[in-house]
Amino acid sequence: MPPSSSSAPAASQSAGSPDELRHQLVDRLIAAGRIRTPAVEAAFRRVPRHAFAPEAELASAYADDVVGRRFDAAGRATSSVSAPWLMAEMLEAARLRRGASVLEIGSGGNNAALAAEIVGEDGSVTTLDIDPAVTTRARSEPVSRRLSR
């Protein structure tokens, strides 16, 4: 399903700090019924999405849309950060709890960081990806370092 019509376009988000933009995005996802539980809300409010798409403008990073990370010669995205509405729906459907173990296939980092926030220190998140560029970045810049931005 595409994002709901209640999602504000990126242009209207052009001003504001990353924290402000993140909280505005979460508020829109709640209003659209995408975030339904306190655990998913808390994770989205804590994890800085822009840290997982450093090449994107802040407004694009916090738009309720996919953020392209790499592109082929024709300009088509070959790697992306999933749209927030989709990540929220997946996390809600997974019904993750503190202490759970999670296996994520296809990791750009943002969804793994959200899952890790939900399962907490007693839980674990393992991510796998076939794209060497993604796995190299994940190894060179751990999620914990990106969360401190």
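Biologist: Which residues of α5 are buried (under 20% relative accessible area with a 1.4 Å probe, protein chains only; exposed is over 50%, partly exposed in between)?

Modeller: This is a predicted model, in which local features need pLDDT of at least 70 and side-chain atom pairs pLDDT 80 or more, while totals for chains, interfaces and linings use all residues. Residues are numbered from 1 along each chain as its sequence is written, and side-chain values use heavy atoms, without hydrogens or water. The helix α5 (a DSSP run of H or I, at least four residues, numbered from the N terminus) spans 110-119. Its buried residues are N110, N111, A112, A113, L114, A115, I118 and V119.

Biologist: Why is α5 largely enclosed by the rest of the structure?

Modeller: Among the buried residues of α5 are L114 and V119. The helix is largely enclosed because the buried residues number eight of ten.

Biologist: Which element supplies the largest share of the largest nonpolar core (buried Ala, Val, Leu, Ile, Met, Phe, Trp, Tyr and Cys joined through side-chain atoms within 4.5 Å)?

Modeller: This core has 28 residues, and I35, F44, L91, L96 and L114 have the most contacts inside it. At least two residues each come from α1 (18-31), α2 (38-46), α4 (84-94) and α5. The largest share, five residues, belongs to α5.

Biologist: Beyond four places in sequence, which residues does L96 contact (heavy atoms within 4.5 Å)?

Modeller: L96 is one of the residues with the most contacts inside the core. Leaving aside neighbours within four places, its partners are L91, V102, A115, I118 and V119.

Biologist: What phi does G120 take?

Modeller: G120 comes just after α5. Its phi is positive, about 75°.

Notes:
Contact = heavy atoms within 4.5 Å.
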